[in-house]
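User: Please take a close look at one helix of this model and its setting. I would like the local picture, then how it relates to the rest of the chain.

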Amino acid sequence: MATKDSTAATRAALLKAAGEEFAAYGLAGARVDRIAERAGVNKERIYGHFGTKEMLFDAVVTDAINDLTEQIAMPSDPVEYVAKLTDYYREHPQLVRLLMWEALNFRGPDLPGFEARAQRCGKKAESLARGLGREVSPEIARLLYTLTGLALWPSMMPQLGRIMLGDDFADAEAGRDQVAAFVAAAIEAGAPAAPADR
């Protein structure tokens with residue numbers, strides 16, 4: 001039992017240290033030596049637990065996305081969902097940075113964990129469609145994609161927020177409320193449009 005606990009603790013320490021390292025330096029810039037030092041273990045433990053640095057990066061991203069999924073309920077109300085998601089990304093800047101690094105490193109269809117993440121997003125689209133009283137469709141999937149983008153944007157591009165809003169950018173609640181109000185107005189106006197509405 002102690003060995004299992006020790007193994008789980010080592011894995012958790014490695015994921016935490018690797019999350020910090022990858023968020024700061026990306027996949028290419030991250031160093032296994034620094035991760036091992038932060039975790040307080042020998043670097044061979046990284047290879048024993050995860051195989052390669054790339055596989056460790058994948059595990060870190062998966063772990064962070066799993067936490068997001070556990071914390072944020074399935075979307076049924078798009079306004080509530082985008083507000084909660086905006087707050088979550090603001091409170092978890094490491095995830096935002098990891099997603100940005102992932103986007104820079106994996107541009108093709110070979111994204112590790114693609115199928116599992118696509119299934120998860122499919123379930124979110126189903127939940128969103130039910131909440132809106134609609135059928136799942138490409139328009140619902142696009143709405144989910146748009147909501148995610150709106151929620152991510154302030155955390156992805158804070159420098160633009162500071163340039164455009166100055167000190168007002170620091171009022172995160174006002175920013176979140178504006179995103180939510182924007183989504184509410186769009187939904188009331190008929191988004192997502194059905195193909196026949198175009």
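Analyst: The helix taken here is H2, residues 32-39, in which Val-32, Ile-35, Ala-36 and Ala-39 are buried. Viewed down the axis of H2, these buried residues fall within an arc of 95°, so they line one face of the helix. The model is a predicted one. Just after H2 comes Gly-40, with a positive phi of about 75°.

H2 can also be set against the annotation. An unreviewed UniProt entry places the feature "DNA-binding region" at residues 31-50. In the model, residues 31-50 are 75% helix and 0% strand, and the C-alpha atoms at the two ends of this stretch are 15 Å apart.

Ile-35 leads from the helix to the interior. The largest nonpolar core has 48 residues, and Ile-35 is among those with the most contacts inside it, together with Phe-22, Leu-56, Tyr-89, Leu-95 and Leu-98. Helix H4, residues 53-71, gives the most to this core, with eight residues. In soluble globular proteins, nonpolar side chains tend to be buried together.

Leu-98 shows the surroundings of one of these core residues. Not counting residues up to four places away in sequence, Leu-98 touches Gly-19, Phe-22, Ala-23, Phe-57, Val-60, Val-61 and Ala-64.

A polar residue elsewhere in the chain is Ser-127, in helix H7, residues 114-132. Ser-127 counts as buried because its relative accessibility is 9%, under the 20% cut-off. Leaving aside neighbours within four places in sequence, Ser-127 is in contact with Met-74, Pro-75 and Ser-76.

Conventions. Residues are numbered from 1 along each chain as its sequence is written. This is a predicted model: local features need pLDDT of at least 70, side-chain atom pairs count only at pLDDT 80 or more; totals for chains, interfaces and linings use all residues. Side-chain values use heavy atoms; hydrogens and water are left out. Helices (H or I, at least four residues) and strands (E, at least two) are DSSP runs, numbered from the N terminus. Buried means under 20% relative accessible area, exposed over 50%, partly exposed in between (1.4 Å probe, protein chains only). Contact means heavy atoms within 4.5 Å. The arc is that of the directions from the helix axis to the C-beta atoms. UniProt positions are given in the numbering used here, feature names are shortened, and annotations may be inferred rather than shown by experiment. A nonpolar core is a set of buried Ala, Val, Leu, Ile, Met, Phe, Trp, Tyr and Cys residues joined through side-chain atoms within 4.5 Å.
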